[in-house]
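Q: Please take a close look at one part of this structure. Start from a single place and work outward, in plain terms for someone who has not seen it before.

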Amino acid sequence: MTWLILYFALAVAVVGILSSTVFLGLALLGVIRFHQETRRQLRSVPDQTHLPPVSVLKPVHGLEARLKENIESFFRQDYPDYEILFAADEAEDSALEVVREVCARYPNIRSRILVTGTPWPNPVVHSFHCMAQAAANDILVTTDSDVEVSASYLREIVPPLLDPKVGMVTCVYRGKNVAGFWSGLTAIGMSVEMTAGVLVANLLEGMKFGLGPTTVVRKDSLASIGGYSALQGYIAYDFAIGDLIAAKGYRVVLSGHIIDHVVNQKSLQRMWQNQLRWAQSTRYSRPKGHFGSGLIFAMPYGLLGFAAAVLAGHWKIGVVLLGAAVLNRLAEAWLVGWTVVRDPKVLSAPWLYPLRDLLGFFVWFASYLNLRYVWRDSRFELKGTRIALRQTSSDSR
């Protein structure tokens, strides 16, 4: 029985390494397509006189890491005509002092601050709803407060929406670690694991979802799904808006522009909670894809194969399997994390992504456990793709 278990484990390890290698091949094709589409997008950027005015919608909440730098990057856009709207849940939100300071330094850029309250389960979506109603322009750029962008950001992400068949634009991002080791694992996962998944999805079925740090829509495509009101109960509203817009017959375009997503998770507990919440939202938003992602990891299968082979007396086979897994992850890190998003950590700390790959597998596995998570405070919890009011505020199971 022991030998049977060991050889079964070896078989599972071989299958896992082969499946992760197939995924690496798909990622390569996804990268090639991404670069082709990026070159095509850059060639089609119009001159200043043909760039439409846009409204940038940015919700804020508390003093996040690098908040001032993140906000200021949006005031430094090489773009002829845009406004920036900010929204906070409460007038006393500490982020608003930073917002006012930055706005005052750029009086040539139109800006407004809204205080929206939190009447919807997802306060971010309600902020977007309020800002969209107040926006002066037809094109809406929604972006998180923990995002930093280059001066060419608007110039590169807006033009695809000049095509009336395009209903939304979104873009991938690299993780920018500002808080140490645990935060670094999340950041490298954003740069490589998340980006690879997006590129493969774009290759196989086209974009049918959005990515929260940036989504760009026209008011007509937004209205076709019922506006932001249709998203008020979703936790993964970024996925939902792209899914709903694509269902209405519009194209969703993956921009070639790369942005920085600031990551500030200082502890293992905070990192784990965030990772698990994201994984669970993906599990419910894309159940088949999420289930299949259990086969795209390499390190767990490499370690399983190494342990099983050594115990079975075939240590050379174990070394080969583990080596194949490590090389697989290093190749994916370079292919996606460097040639696409240009994350310098891929070159300076190449060991990070194999470690992140192992962590990612445990997060994926834990996403299938029957755990309940509080959302925002004791009033709400996550149920599938939705945020639901808890039965009682004292329920802490």
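**A loop and what lies around it**

A: Arginine 342 lies in the loop between H12 and H13. The model is a predicted one, and the values that follow are computed from it. Arginine 342 is not a glycine, yet its phi is positive, at about 55°. With a relative accessible area of 46%, arginine 342 falls between the limits of 20% and 50%, and therefore counts as partly exposed.

Next comes the helix on one side of this loop. Helix H12 covers residues 315-338, which makes 24 residues. At 1.5 Å a residue, a helix of this length should span 34 Å; the end C-alpha atoms of H12 are 33 Å apart, so the expected span and the model agree. Several residues of H12 are buried, among them Gly318, Leu321, Ala325 and Asn328. Further along H12, Arg329, Glu332, Ala333, Leu335, Val336 and Gly337 are buried too. These buried residues have several partners: they pack against helix H1 (2-43), H6, helix H11 (299-311), helix H13 (345-348) and helix H14 (352-366). H13, which borders the loop of arginine 342, is thus also a packing partner of the buried residues of H12.

One of those partners, H6, leads to the interior. The largest nonpolar core has 112 residues. Helix H6, residues 181-205, gives the most to this core, with 10 residues. The residues with the most contacts inside the core are Phe75, Val141, Leu154, Tyr228 and Ile241. Apart from its neighbours within four places in sequence, leucine 154 touches Val54, Val56, Gln77, Tyr79, Tyr82, Val141 and Pro159. Val141 appears in both lists: it is one of the core residues with the most contacts, and it is in contact with leucine 154.

Two other contacts of leucine 154, Val56 and Tyr82, lead to a set of paired strands. Strand E1 spans residues 54-59 and runs parallel to E2, with 6 bridges joining them. In this pairing, valine 56 stands opposite isoleucine 84 of E2. Between these two strands the chain passes through helix H2 (residues 67-74), and this β-α-β crossover is right-handed. Strand E2 (residues 82-88) is mostly covered, with 7 of its 7 residues buried. Tyr82, Ile84, Phe86 and Ala88 point one way from E2, while Glu83, Leu85 and Ala87 point the other way. E2 also pairs with strand E3 (residues 110-115), again parallel and through 6 bridges. Here isoleucine 84 stands opposite serine 111. E2, helix H3 (residues 95-105) and E3 form a right-handed β-α-β unit.

The stretch between E1 and H2 offers a comparison with the starting point. Arginine 66 sits in the loop between E1 and H2. Arginine 66 has a positive phi of about 55°, although it is not a glycine. With 28% relative accessibility, arginine 66 counts as partly exposed.

Finally, the cysteines. The structure holds 0 disulfides. Cysteine 130 is in no disulfide, and the nearest cysteine sulfur, that of cysteine 103, is 18 Å away. Cysteine 130 has a relative accessible area of 19%, and is buried because the limit is under 20%. Cysteine 171, at 0% relative accessibility, also counts as buried.

Conventions
Residues are numbered from 1 along each chain as its sequence is written. This is a predicted model: local features need pLDDT of at least 70, side-chain atom pairs count only at pLDDT 80 or more; totals for chains, interfaces and linings use all residues. Side-chain values use heavy atoms; hydrogens and water are left out. A nonpolar core is a set of buried Ala, Val, Leu, Ile, Met, Phe, Trp, Tyr and Cys residues joined through side-chain atoms within 4.5 Å. Buried means under 20% relative accessible area, exposed over 50%, partly exposed in between (1.4 Å probe, protein chains only). Helices (H or I, at least four residues) and strands (E, at least two) are DSSP runs, numbered from the N terminus. Contact means heavy atoms within 4.5 Å. The expected span of a helix is 1.5 Å times one less than its number of residues. A disulfide is a pair of cysteine sulfur atoms within 2.5 Å. Two strands pair if DSSP finds at least two bridges between them. A crossover is right-handed if, with the strands pointing away from the viewer, the path from the first strand over the helix to the second runs clockwise.
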